[in-house]
Amino acid sequence: MSGHQRVRQPRLATDRLGELAGSVAVPTYDRTAVTPGIVHLGVGGFHRAHQARYVDDLLASGVSDWGIVGVGLMPQDVRMRDALAAQDHLYTLVERAPDGDVRGRVIGSIIDYLFAPDSPTAVLDLLTDPRIRIVSLTITEGGYHVNQATGRFDASDPGIQADLRPGAVPSTAFGYVVEALARRRAAGVAPFTVMSCDNIAGNGEVARAMLSSFARLRDPALGAWIESEVAFPSSMVDRITPATTDVDIEEVGWRFGIADAWPVVSEPFTQWVLEDHFPRGRPPFEQAGVEMVPDVEPYELMKLRLLNASHQALCYLGYLSGYRYAHEVCADPLFVDFLLGYMSQEGTPTLPPVPGVDLAAYQQELVSRFANPHIRDTLARLCAESSDRIPKWLVPVISAQLASGGSVRRSALVVASWARYAEGVDEQGSPIDIVDRRRAEVMSRAMAHREDPLAFLRDPDLFGDLVDSPEFTEPYAEALASLHAVGARKTLESWET
Ligand SMILES: NC(=O)c1ccc[n+]([C@@H]2O[C@H](COP(=O)([O-])OP(=O)(O)OC[C@H]3O[C@@H](n4cnc5c(N)ncnc54)[C@H](O)[C@@H]3O)[C@@H](O)[C@H]2O)c1
Ligand SMILES: O=P(O)(O)OC[C@@H](O)[C@@H](O)[C@H](O)[C@H](O)CO
């Protein structure tokens, strides 16, 4: 309870907004007049802290035809359905600054939410409604079914297989999007734009390639039509948004007088760089601070190779050393030196020029953001789903550095720390809950590396041919041996670069 007395607050609802206006910002626009223009698949913490907040700004400025309808596809999304339905689809966004300043804001831009298993027909009807001109996605990196080694579509997922059966009722994001596009095409309704907001380099291009490959397996002509007729703008999205905790829910109660079943907490920083390619129209995003550019790639690479790869650089080593939060790691100068060294010596040399960005200042700002003690971003969140993260964020850095003759020593230590973490026991002997959709394979390779030091790397789906590169395997094997012999902290102390 954080020392605060538990008081039962009335549930967040439209008719309470007036009384809440003294303690938090609330929507002042008429939500009943807002019509849907965007369907978002994967309404989790990030979408609610980021895109929905930008759209809320636009609705407040008088735009009324770009409301968001959320769609949940996964079994766990039933909780989001119930939370939002009980509070008129309103929720509280809490922004916590490093200096302890806390701001609350009720977001009104999600005007409805459908849980797809309740009614696939309702979801398909929505997606074929001509008013829907954008379908946006935060379905996580794993939701795109990319074979990491070949870059091609991987159709092995059972849900994908089910969605490929003739006449299937969709169950996956790809199943819904492609079925809806097929219906729009048949009905002569212009396709919506697909806007990926996941942390993937070239997220628009990846979405285009994977969705059209999936569609081709259903109907080659449909696949070709999607590839040529549907727009897939790429984006760089950035706002650190940890998973909401019970303490966060209680804080929203005592601090703002709001009973909110599922608020969302984030840092104050937010950035969205978006490729301006929306042939069916778009909201005036730039009015809400979105940077509309012709080419997002330099910004995406900067963010993924500096911010996201640094998250991986700090999470396993930090966890093994006994830390549990990102800010704890970033209060430790040994780790900060390592992160800045990785960013300046290995991540940054692989980047193209990034228009208007001072990369040295960007690196320092990242460390300050990671060090925000009020965000309480857990290392467990950052260590999860590493099989989807390391190959997309760090392996490209290693490959580029190897190609140019640059250093990979810090990156090698990061990969070795993941391998050590994947053994499933920390340096204090406590079990680690490995959360990864490839958990069994990853853990079994980690179990084998005491006998065969390169065993963890022998997975071309994750590492391509890195195992054949002595410039990488030598520092990797040295790092792994050191982690086993003296642990993460001492390895960092002595890691010569
Ligand atoms: N959290 C952040 O700091 C952050 C910042 C930038 C970008 N992102 C992007 O947003 C994504 C989601 O992050 P989050 O913090 O909202 O996570 P979250 O767990 O809060 O929400 C993820 C949502 O996606 C759904 N989902 C997961 N896998 C899916 C799949 N295969 N198909 C369809 N839906 C699926 C979940 O059910 C949930 O609704 C990340 O993977 C990342 O690409 C997150
Ligand atoms: O959410 P993921 O899986 O893409 O990655 C984990 C974190 O690195 C990520 O969520 C960052 O917090 C985020 O990308 C900051 O904008």
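**Notes on a two-domain model with two ligands**

1. Starting with ligand 1: it has 24 residues around it, and G42, G44, F46, G143 and D198 come nearest. Keep in mind while looking at this pocket that the model is a predicted one. Helix α2 (residues 45-49) supplies the largest share of the shell around ligand 1, namely three residues. Sorted by class, that shell holds twelve polar, eight nonpolar and four charged residues.

2. On to ligand 2. The residues surrounding it are T140, E141, N199, D238, R239, I240, L307, N308, H311, L382, E385 and R389. The class breakdown here is five charged, four polar and three nonpolar residues. Which helix gives the largest share of this shell? That would be α11 (residues 297-320), with three residues.

3. Where does ligand 2 sit relative to the domains? Between them, because domain 1 (14-293) and domain 2 (297-494) both give residues to its shell. I'd look at this site with both domains on screen.

4. About those domains: the assignment splits the chain into domain 1, residues 14-293, and domain 2, residues 297-494. Their centres, taken over C-alpha atoms, are 29 Å apart. In the contact, domain 1 takes part with 21 residues and domain 2 with 27 residues. The domain 1 side that touches domain 2 is made up of ten nonpolar, seven polar and four charged residues.

5. The UniProt record is worth setting beside this. Its unreviewed entry puts a "Mannitol dehydrogenase N-terminal" domain at residues 37-286. In the model, residues 37-286 are 36% helix and 20% strand, with end C-alpha atoms 17 Å apart. The unreviewed entry also places a "Mannitol dehydrogenase C-terminal" domain at residues 295-483. For residues 295-483 the figures are 63% helix and 0% strand, and 41 Å lie between the end C-alpha atoms.

6. Two residues deserve a look at their backbone angles. H145 isn't a glycine, yet its phi is positive, about 55°. You'll find H145 in the loop that links β6 (134-137) to α6 (158-164). Is H145 buried or exposed? It counts as buried, since it has 20 C-beta neighbours inside 10 Å, and 20 is the number at which a residue becomes buried.

7. The other one is E385, again not a glycine and again with a positive phi, this time about 50°. E385 lies in the loop between α15 (379-383) and α16 (386-393). It has 17 C-beta neighbours inside 10 Å, so it counts as partly exposed. E385 is also one of the residues surrounding ligand 2, which is a good reason to check its backbone by eye.

8. Finally, the chain as a whole. It has 21 helices and eleven strands. The C-alpha trace spans about 65 × 60 × 40 Å along its principal axes. How does the radius of gyration fit a compact globule? For 497 residues such a globule would be near 23 Å, and the chain has 23 Å, so the two agree. Of its 497 residues, 46% count as buried. Among contacts with a separation of 6 or more, 77% are between residues 24 or more positions apart.

Definitions and conventions:
Residues are numbered from 1 along each chain as its sequence is written. Chains are lettered from A and ligands numbered from 1 in the order in which they are written. This is a predicted model: local features need pLDDT of at least 70, side-chain atom pairs count only at pLDDT 80 or more; totals for chains, interfaces and linings use all residues. UniProt positions are given in the numbering used here, feature names are shortened, and annotations may be inferred rather than shown by experiment. Helices (H or I, at least four residues) and strands (E, at least two) are DSSP runs, numbered from the N terminus. A residue is near a molecule or strand if its C-beta atom, placed from the backbone, lies within 6 Å of it. Ala, Val, Leu, Ile, Met, Phe, Trp, Tyr, Cys and Pro count as nonpolar, Asp, Glu, Lys and Arg as charged, and the others, Gly among them, as polar. Domain bounds come from an automatic or database domain assignment. The radius of gyration is taken over C-alpha atoms; the globule rule is 2.2 Å times the number of residues to the power 0.38. A residue is buried if 20 or more other C-beta atoms lie within 10 Å of its own, exposed if 12 or fewer, and partly exposed in between; C-beta atoms are placed from the backbone. Two residues are in contact if their C-beta atoms, placed from the backbone, lie within 7 Å.
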